[in-house]
Amino acid sequence: MNNYLISEAIGDIAGSAYESKSHRIKEYDKVKLFSSRAHFTDDTVLTFACAEAFIDHLDMTMNLWKCGNEHRHAGFSSKFKLWMSSHHPQPYRCLGNGAAMRCSSAGWLAQTEEECIRMATETAAPTHNHPEGIKGAIATALTIFHLKNGKDKEFVRTQILNTNYPDWADKPYADIHDDYSFNSTCEGTVGPAIICFLESKDYVDCIKLAISLGGDADTLAAIAGPMAYTYFKKMPAALVSQAIRKLSDWMVDVSVRFDKVVNDDVI
Ligand SMILES: [Mg+2]
């Protein structure tokens, strides 16, 4: 497989058009994956920053800081912007879904469950060192890790969703759809993103389900997209090339080198 990181970028870019309050939608059939408003946001900047730190053996905190500062207008939260402005950035016990949207590389690179937990923690800890932030990163990365290693949806439901997020346990998408509203915590995002993946019939379906929940659309789709790609192992080629055209050169470079490291199993 290739384009692992692009599976996050497509979700983020597609969701970006529906993130703001005035553009959120609940209608699945009205979701357009690449509208003129679509662009990559903080989710993609930091996903690629984490991946780059792993494959190039860089300091995680400093690479998040550097990449963030190079894309300051990508839609970061005010707290993250404050963190980026510091010359000695310190974690601020964040429990936001930013921990879950950037950690996918840990799931693809790890060789063991223990390593996946350690690497996911490493991606979250520079800012999201609240237990819920760390948990969100670990639950997301472990989902990807286990799907990559052949586990099925039932495993993800029972061992990850139900175990980590009992409030969302066994909930069908149809039951959460109408009342779901914007929520930027891990607790309010990771469970629903997993539910979108569990009920999806292919990658595009998963992205559309995530966006039409009508919440933090880019982040929901950025979290669910990598799960769906790892499981279904297919994304439409046209979507991949449209996404690549919207990325920065360094992202495209990281994406190509990341695929090689994952496929060669050497880090
Ligand atoms: Mg975003």
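This section describes the overall architecture of the chain, its magnesium site and several individual residues.

The structure is a predicted model. Its secondary structure consists of 15 helices, with zero strands. The radius of gyration is 16 Å, in agreement with the value near 18 Å expected for a compact globule of 267 residues. The C-alpha trace extends over about 45 × 40 × 35 Å along the principal axes. Of the 267 residues, 58% are buried. Among contacts with a sequence separation of 6 or more, 75% join residues 24 or more positions apart.

The accessible surface of the chain amounts to about 10900 Å². Carbon and sulfur atoms contribute 53% of that area. With respect to charge, 27 side chains are positive and 34 are negative. The centres of these two sets are separated by 4 Å.

A magnesium ion is bound by four residues of the chain, namely Thr41 through OG1 and Asp42, Asp43 and Asp218 through OD atoms. The coordination distances range from 2.1 to 2.4 Å. In sequence, the donors follow the pattern T-D-D-x174-D, in which Thr41, Asp42 and Asp43 are followed by Asp218. Two of the coordinating residues were examined for solvent exposure. Asp42 has a relative accessible area of 11% and is therefore classed as buried, given that the term applies to values under 20%. Asp43 is likewise buried, with a relative accessibility of 1%.

A buried position outside the metal site is provided by Ile194, located in helix 11, which comprises residues 190-199. The relative accessible area of Ile194 is 0%, so this residue falls in the buried class. Beyond its neighbours within four places in sequence, Ile194 is in contact with Thr143, Val156, Ile160, Leu161 and Met227. Of these partners, Val156, Ile160 and Leu161 belong to helix 9, which covers residues 153-164, whereas Met227 belongs to helix 13, which covers residues 217-232. Ile194 thus has contacts with residues of both helix 9 and helix 13. By comparison, Trp250 is 56 residues from Ile194 in sequence, and the C-alpha atoms of Ile194 and Trp250 are 29 Å apart in space.

Two non-glycine residues with positive phi angles were found in loops. Asp170 has a phi of about 55° and is situated in the loop that connects helix 9 (153-164) with helix 10 (173-177). Its relative accessibility of 49% places Asp170 in the partly exposed class, because exposed residues are those over 50%. Lys233 has a phi of about 65° and is situated in the loop between helix 13 (217-232) and helix 14 (237-246). Lys233 is also partly exposed, with a relative accessible area of 46%.

Helix 14, which follows the loop containing Lys233, includes Arg245. At a relative accessibility of 64%, Arg245 is exposed. Arg245 and Glu115 are separated by 130 residues in sequence, and their C-alpha atoms lie 33 Å apart in space.

Technical notes:
Residues numbered from 1 in each chain as written. Predicted model: local features only at pLDDT ≥ 70, side-chain atom pairs only at ≥ 80, totals over all residues. Heavy atoms only, no water. Helix = DSSP H or I, 4+ residues; strand = E, 2+ residues; numbered from the N terminus. Rg over C-alpha atoms; globule rule 2.2 N^0.38 Å. Buried < 20%, exposed > 50% of the residue type's maximum accessible area, 1.4 Å probe, protein only. Contact = heavy atoms within 4.5 Å. Areas by Shrake-Rupley, 256 points an atom, 1.4 Å probe, with all protein chains shown as cover. Lys, Arg positive; Asp, Glu negative; His and termini not counted. Charge placed at Lys NZ, Arg CZ, Asp CG, Glu CD. Donors = N, O, S within 2.8 Å, 3.2 Å for Na, K, Ca; no water.
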